[in-house]
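Let's take a friendly walk through the charged side chains of this model. Have the structure open as you read.

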Amino acid sequence: MVQAIGAERSAGAGRRSAFGAYLPSVSVNASTSKGNTGRTDNNTGLFIPPVRSYSGGIAANVELFDGFRRLANVRGASATAAAADAGLVNQRFQVTLGTKQAFYNALATEDLVRVAESQVRRAQQQLQISVEKLRAGSATRSDSLRSTVDYGNARIALLQAQANLATAQANLGRQIGVDQPVRAVPDSALPGLPDTAALRASPLDEAPQVRQADAQASAARAQVWTARAQYWPSLTVAYNDNRQGIKQPQGPLFGNLPDSYSWRFGLSWTLFNGFVREQQQVTASVARDNAEAVAADTRRLINAQLTQQIAAMTTAYAKIDIARANVAAATEDLRVQNERYRVGAATILDLLTSQAALTTAEGNLVQARFDYLIARSQVEALVGRTL
C-alpha cells in the first residue's frame, strides 16, 4: 500500500509537471560586490576609493511550438496517473484479499482444532468403553488396543492442528501489522451467495487490473507521439531584463539603476541526428504494441479468472449444505454404532470407521466454508468492489 500510494503521488506530480511545461520559466538574480582596491582617475589624477556595485535581473522564456510534444506528454502523464489510481485501487483490494485469507485461515484452523478436540474426546470415550468391556469379558484385547491407537492418533492430530493454529494466528498478526499472534473472531454470519448473473453481466472495464492495463496502454501510445514530435521544429521566445550600477538600489526591482533588456526569438529544427529519432520512434512503437497486447490479455485473464472464481464460489456454497447434511448423518451413524457396540451388535472396526467418517465430515464442512469465503473474496478483488 505504501508503494501504491507513492506511485500515485509520483504520477500526480508528473501530471502537474506536464501541464507546467506550457508555462514560461522565470528566474531572477541579484548581486552586490565591492573590491578592496581603488583606482586613479586618468583625467583628474585623483584617487577614487573602492565603490560597491549592484546588479539585478529577471529572465523568462517559453516554448511556443514543440511539435505537439507537450500535448502528448500531458496525455501520457494523465494516463499514467489514471494507471496509478487504478493500481492503488487494485492494491487495496489485493491487500484486503490477503488479510481476508489470513483471517479466514485462522478461523478455519481454529475450527479444525475444535474438530480435533472432539475427535480426541470421542476416541477417549471409546477407549474407556473398550477397557470396561474387556474387563467385563465382552470384548477382546484387540478392541482395546485398536482404541488405544485411535486415541493416540487423535492426540497427534490435535497437536498438529494446534501448531497450524499458532502459525495462522502469527501470520494474521503480521498481515495487520501487529507484533504478536492475533486470534480471529467471527463477527457475522456466513454471507449469502451473491447474484452471479449480475457479476457475469458487469463490464470488465470496471475491474481495477483492466483499468490499470488500459491506462498503461494509453500512456504508451502517448509516448509514440512524443517521439514523433522530434521531427518538428521548436520555436521559443525569451526575455531578459538586467539592471546594474553603483547607486543604492531602490525596491525589489532595482528601478533606479540603468536598464538593459532584450527579446530573443529562436527556431531550432533537427534535420538529421544519426537515426536517433528513428530508433526512439521504433522503441516507443514496440512499447505501445506490448502495452496494448498486455491490456488485451489482462482483459481475457480477468474474464477467465472471474469465471473460475464464480464457479468455485458457487460450488463451495453448495458443498456447505452437503457437508452439513453429512455431519448430521455421520453424527447419527456414530450414535447408532456406539449403542450397537455397547450391546455387542457391532465390532470395534465399525465404530472406528464411523468415528473417522464424522471427523472427515466435520473437517469437510470447515473446508467448504473456508473455500466459499476465499472464493468470494477473490471475486471481490477481481471486480474491485465489495459484494
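A good place to begin is Arg-70, which is buried, with a relative accessible area of 5%. Keep in mind as you look around that this is a predicted model.

Which residue does Arg-70 meet in a salt bridge? The partner is Asp-66, and the N to O distance between the two side chains is 2.7 Å. Asp-66 counts as buried because its relative accessibility is 5%, and the cut-off for buried is under 20%. The value for Arg-70, 5%, falls under that cut-off too.

Now turn to Arg-69. Its side chain forms a salt bridge with that of Glu-63, at 3.0 Å from N to O. Is Arg-69 buried or partly exposed? With a relative accessibility of 29%, Arg-69 is partly exposed, since that class lies between the 20% and 50% limits.

These two pairs belong to one picture: Glu-63, Asp-66, Arg-69 and Arg-70 are joined in a network of salt bridges.

Further along the chain, have a look at Arg-243 and Asp-259. They form a salt bridge as well, with their closest N and O atoms 3.5 Å apart. Arg-243 sits in strand β5 (residues 234-245) and Asp-259 in strand β6 (residues 259-268), so this pair ties together parts that are 16 residues apart in sequence. Asp-259 itself is partly exposed, its relative accessible area being 40%.

How many salt bridges does the model hold when nitrogen and oxygen must lie within 4 Å? The count comes to 15, and the pairs visited here are among them.

Conventions:
Residues numbered from 1 in each chain as written. Predicted model: local features only at pLDDT ≥ 70, side-chain atom pairs only at ≥ 80, totals over all residues. Heavy atoms only, no water. Buried < 20%, exposed > 50% of the residue type's maximum accessible area, 1.4 Å probe, protein only. Helix = DSSP H or I, 4+ residues; strand = E, 2+ residues; numbered from the N terminus.
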